[in-house]
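Colleague: Could you walk me through how to read a fold like this one? I would like the general idea each time, and then the case at hand.

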Amino acid sequence: MSAPTHPRYLPTAAAVSRRRRAAAGANARLHWWALALPALAFGLLLLLVAGSAEAHAASGEASALLQVTEQLLRVVV
């Protein structure tokens with residue numbers, strides 16, 4: 001008999017971890033904040049972009065964007 005041409009394969013810890021994650025694939029669940037935080041960030045950025053057209057330098061009154069942001073922060077916190 002001849003000697004094997006390839007050394008014996010021993011899976012590393014990383015390979016075992018990848019295999020476990022792949023096996024869990026369809027059963028994996030996201031945390032609530034994994035969707036809520038990006039959605040909140042998107043909403044706030046959208047408000048900033050939408051309110052930038054109405055920007056006034058050194059105005060004495062609070063802008064609508066600032067009022068909406070304050071209301072959102074009161075609701076969230």
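Modeller: Happy to, and let's begin with handedness: α2 passes α3 in a right-handed crossing. Keep in mind that this is a predicted model.

Colleague: Which quantities describe two packed helices?

Modeller: Two packed helices are described by the angle between their axes and the distance between the axes. Here the axes of α2 and α3 come within 10 Å and cross at roughly 165 degrees. Since angles over 145 degrees count as roughly antiparallel, α2 is therefore roughly antiparallel to α3.

Colleague: What elements does the chain have, and in what order do they run from the N terminus?

Modeller: The chain has 3 helices and 0 strands, and from the N terminus on the elements run α-α-α.

Colleague: Which residue pairs could I click on to see distance in sequence set against distance in space?

Modeller: Try Leu-47 and Thr-69, which are 22 residues apart in sequence and 8.2 Å apart in space, C-alpha to C-alpha. Leu-47 lies in helix α2. Another pair is Val-76 and Leu-40, with their positions 36 residues apart in sequence and 10.0 Å between their C-alpha atoms. Val-76 belongs to helix α3, which covers residues 64-76.

Colleague: Is Val-76 buried or exposed?

Modeller: The way to read this is to set the relative accessibility against the cut-offs: under 20% is buried and over 50% is exposed, with partly exposed in between. Val-76 has 56% relative accessibility, so Val-76 counts as exposed. Leu-44, in helix α2, counts as partly exposed because its relative accessibility is 31%. Leu-47 has 26%, so Leu-47 is also partly exposed.

Colleague: And what share of the chain counts as buried?

Modeller: Of the 77 residues, 4% count as buried. The chain exposes about 7400 Å², and carbon and sulfur atoms supply 66% of that area.

Colleague: Which residues make the nonpolar surface patch?

Modeller: The patch is about 1000 Å² and is made by Trp-32, Trp-33, Leu-37, Leu-40, Leu-44, Val-68, Leu-72, Val-75, Val-76 and Val-77. The elements that give two or more residues to this patch are α2, spanning 32-51, and α3.

Colleague: Which element gives the largest share of the nonpolar patch?

Modeller: That is α2, with 5 residues. You have already met some of the patch members, among them Leu-40, Leu-44 and Val-76. The two helices that supply the patch in this way are the pair whose axes cross at roughly 165 degrees.

Definitions and conventions
Residues numbered from 1 in each chain as written. Predicted model: local features only at pLDDT ≥ 70, side-chain atom pairs only at ≥ 80, totals over all residues. Heavy atoms only, no water. Helix = DSSP H or I, 4+ residues; strand = E, 2+ residues; numbered from the N terminus. Buried < 20%, exposed > 50% of the residue type's maximum accessible area, 1.4 Å probe, protein only. Patch = residues over 30% accessible without salt bridge, like charges linked within 9 Å, V, L, I, M, F, W, Y side chains within 5 Å. Areas by Shrake-Rupley, 256 points an atom, 1.4 Å probe, with all protein chains shown as cover. Salt bridge = Lys/Arg side-chain N within 4 Å of Asp/Glu carboxyl O. Axes fitted to C-alpha atoms, helices over the stretch in contact; angles between N-to-C directions. Parallel < 35°, antiparallel > 145°, perpendicular 65-115°, else oblique. Left-handed = near helix turned anticlockwise from the far one by under 90°.
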